[in-house]
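Me: I'd like to understand the words people use when they describe a protein model. Could you take me through them, one at a time?

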Amino acid sequence: MRHDFGSLALSSTLLTVVAELGYEKLTPIQAQAIPVLLQGKDLIGQSKTGSGKTAAFALPILEQLDLEKRSLKALVLCPSRELCAQVAREIRRLACRHPGLQVLTVAGGEPFRRQASALERGVHVVVATPGRMLDHLRRRTIRVHTVTTVVLDEADRMLDMGFHDDIEKILTALPKRRQTAFFSATFPRTIEVMSRTFQHGAVRVTIDDGEEAAPDIRQLLLMTEPETRVRDLRWLLANHAHESALIFCNFKATVKELTHTLSSAGVSADCLHGDLEQFERDRVMARFRNESIRILIATDVAARGIDVVDLDLVINYELHSQPEVYIHRIGRTGRAGKQGLAISFASIREQPKIDAIEKLTGSRLERLVRDASADVDTEALPNPLERDARMATIQISGGRRDKVRPGDILGALTGEAGGLNAADIGKIEIHERLSYVAVSKTVSQAAVESLNEGRIKGKRFRASII
Ligand code: ADP
Ligand code: MG
């Protein structure tokens with residue numbers, strides 16, 4: 001099987017875009033699924049997290065779109081709001097040379113009315129959670145008779161989360177003649193049952209780990225007791241020169257407490273847990289992605305769907321009682337062919353958890369020995385991870401709805417108007433109604449001032465450091 005994009009029947013526009021994004025080779029799931037989808041066939045695609053499943057279904061969708069009409073052609077269902085946002089982001093990236101393409105996320109936690117009016121104006125692709133999608137169907141605020149492709153992304157997780165009935169209702173409401181694709185990291189029997197009801201002659205593509213380069217994750221274990229945990233964490237952060245780290249705790253109380261402890265010690269840390277409002281979560285995730293926060297502390301549920309490609313360190317501050325959760329957590333590092341690092345803390349009493357993990361992964365965790373000489377000056381060390389974040393995030397009160405594009409923000413900050421160097425500007429994220437731009441800490445004040453004094457697209461927007 002050839003693994004370059006050029007071997008696919010994709011338009012030159014899409015081939016240019018993937019090249020611009022730096023995608024050199026097709027991932028195995030892409031190489032096998034894209035030709036099937038381009039032929040219009042139904043598909044069950046199974047491959048592990050991080051293997052490029054989004055582009056595997058997004059590219060065929062984009063290939064088949066007709067931008068002349070503003071009608072809904074493709075529906076993608078995802079288990080959470082964060083995953084919807086992520087999938088929509090990847091589709092928009094791949095569609096950057098499809099001017100006028102409208103991709104709408106339809107998830108809970110966002111005003112229903114606003115979604116309904118965007119749907120009324122017309123969109124080409126909807127990325128939705130099953131619950132909210134069903135609400136729109138019930139209230140007749142979405143019309144699906146033009147849909148030709150439906151994708152269930154993370155089908156296994158949606159079923160785990162109890163969306164089975166909602167999904168059935170949605171699939172039943174769609175036109176009979178359509179393409180149906182299921183994507184999933186695992187293949188439980190429930191998917192097979194659903195396939196029999198809702199697919200026709202589905203082609204099944206399974207990429208087992210042997211075919212793919214196994215993720216390269218160094219897995220370390222540090223034995224420590226509750227009373228020495230914080231001290232050991234700081235030692236660890238001080239001794240591993242990573243750009244960013246994700247720390248998992250089992251409970252939100254631990255997340256809050258640890259965040260407080262680290263922040264009070266001057267560490268650039270923030271957290272993600274179930275008590276935060278959606279806009280607060282979006283904000284934290286944006287700041288973590290653009291390197292304004294170096295350390296993110298999270299519970300499993302809150303971290304669901306975090307996709308930070310360059311996550312180079314995952315710390316299990318507490319081991320979970322289910323070994324599968326361990327695998328899921330450490331799977332956030334070592335992506336895209338890079339070596340990842342996962343470090344777990346455990347106390348002597350937790351030996352059974354360690355045994356269960358080693359049994360499930362089939363390998364022994366490497367014991368990390370803490371150098372006693374480090375005890376003395378942990379507090380005084382010039383810490384690689386404990387140093388401040390390099391970037392600060394500016395929030396701008398305009399987004400996609402205001403037709404703000406990354407180039408507009410870049411333009412407002414650089415050149416005569418802004419006076420900043422392009423090198424001081426980091427990631428720019430455009431959301432529906434606001435945008436985030438990362439700038440070097442040293443110039444952040446000047447950047448905010450020039451944004452507040454200047455205009456973007458001829459309009460004034462409010463900018464502030466968050
Ligand atoms: P999955 O859905 O299988 O978990 P994603 O679709 O989220 O995986 O992709 C993981 C990452 O890999 C994303 O950052 C995506 O942009 C990137 N990616 C996708 N396809 C390729 C490719 N062919 N080459 C390099 N990177 C890719
Ligand atoms: Mg995915």
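Me: Why are H3 and H4 called oblique to each other?

Reply: This is a predicted model, and in it helix H3 (residues 53-63) and helix H4 (residues 81-94) pack at an angle of about 50°. Angles under 35 degrees count as roughly parallel, and 65 to 115 as roughly perpendicular. About 50° fits neither range, so H3 and H4 are oblique to each other. Their axes are 10 Å apart, and the crossing is right-handed.

Me: Which residues of H3 and H4 meet, and how many of them are nonpolar?

Reply: From H3 come Thr54, Ala55, Phe57, Ala58, Leu59 and Leu62, and they meet Val87, Glu90, Ile91 and Leu94 of H4. The contact divides into 8 nonpolar residues, 1 polar and 1 charged. Thr counts as polar and Glu as charged, so Thr54 and Glu90 fill those two places.

Me: What makes Gly45 buried?

Reply: Buried means under 20% relative accessible area. Gly45 has 0%, so the word fits. This residue lies in strand S1 (residues 43-46) and touches Ile29, Phe182, Phe183, Ser184 and Val205, leaving aside residues up to four places away in sequence. The C-alpha atoms of Gly45 and Ala202 are separated by 9.8 Å, with the two residues 157 residues apart along the chain.

Me: How do you know whether Thr299 is buried or exposed?

Reply: Use the cut-off again: Thr299 has 10% relative accessibility, which is under 20%, so Thr299 counts as buried. You can find Thr299 in the loop between S11 and helix H13 (300-303). Among the residues Thr299 touches, not counting those up to four places away in sequence, are Phe248, Cys249, Leu272 and His273.

Me: Why is Arg140 called exposed, and Glu291 partly exposed?

Reply: Exposed means over 50% relative accessible area, and Arg140 has 73%, so Arg140 is exposed. Glu291 has 34%, which lies between the 20% and 50% cut-offs, so Glu291 counts as partly exposed. Arg140 sits in the loop between H6 and strand S5 (149-152), while Glu291 is in the loop between H12 and S11. Arg140 has a positive phi of about 55° although it is not a glycine. Phi of Glu291 is positive too, near 70°, and Glu291 is also a residue other than glycine.

Me: What covers the buried residues of helix H6?

Reply: The cover includes strand S2 (74-77), strand S3 (103-106), helix H5 (112-121), strand S4 (125-128), helix H7 (155-160) and helix H8 (164-173). The buried residues of H6 (residues 130-138) are Pro130, Arg132, Met133, Leu134, His136 and Leu137.

Me: Why are S10 and S14 said to stand at the edges of their sheet?

Reply: Follow the order of the 7 strands in this open sheet: S10-S11-S9-S12-S13-S8-S14, with parallel pairing. Strand S10 (269-272) and strand S14 (366-367) each have a single partner strand, so one side of each is left without a neighbour in the sheet.

Me: What makes S8 and S14 a pair?

Reply: Two strands pair if there are at least two bridges between them. Strand S8 (residues 217-223) and S14 have 2 bridges, so they qualify, and they pair in the parallel sense. Leu220 stands opposite Glu366 in S14.

Me: Which helix lies across S10?

Reply: Helix H12 (residues 278-289) lies across S10, along with strand S9 (245-248) and strand S11 (295-298). H12 runs at about 135° to S10.

Definitions and conventions: Residues are numbered from 1 along each chain as its sequence is written. Chains are lettered from A and ligands numbered from 1 in the order in which they are written. This is a predicted model: local features need pLDDT of at least 70, side-chain atom pairs count only at pLDDT 80 or more; totals for chains, interfaces and linings use all residues. Side-chain values use heavy atoms; hydrogens and water are left out. Helices (H or I, at least four residues) and strands (E, at least two) are DSSP runs, numbered from the N terminus. Contact means heavy atoms within 4.5 Å. Axes are lines fitted to C-alpha atoms, for helices over the stretch in contact, and angles run from 0 to 180 degrees between N-to-C directions. Angles under 35 degrees count as roughly parallel, over 145 as roughly antiparallel, 65 to 115 as roughly perpendicular and the rest as oblique. A crossing is left-handed if the near helix is turned anticlockwise from the far one by less than a right angle, and right-handed if clockwise. Buried means under 20% relative accessible area, exposed over 50%, partly exposed in between (1.4 Å probe, protein chains only).
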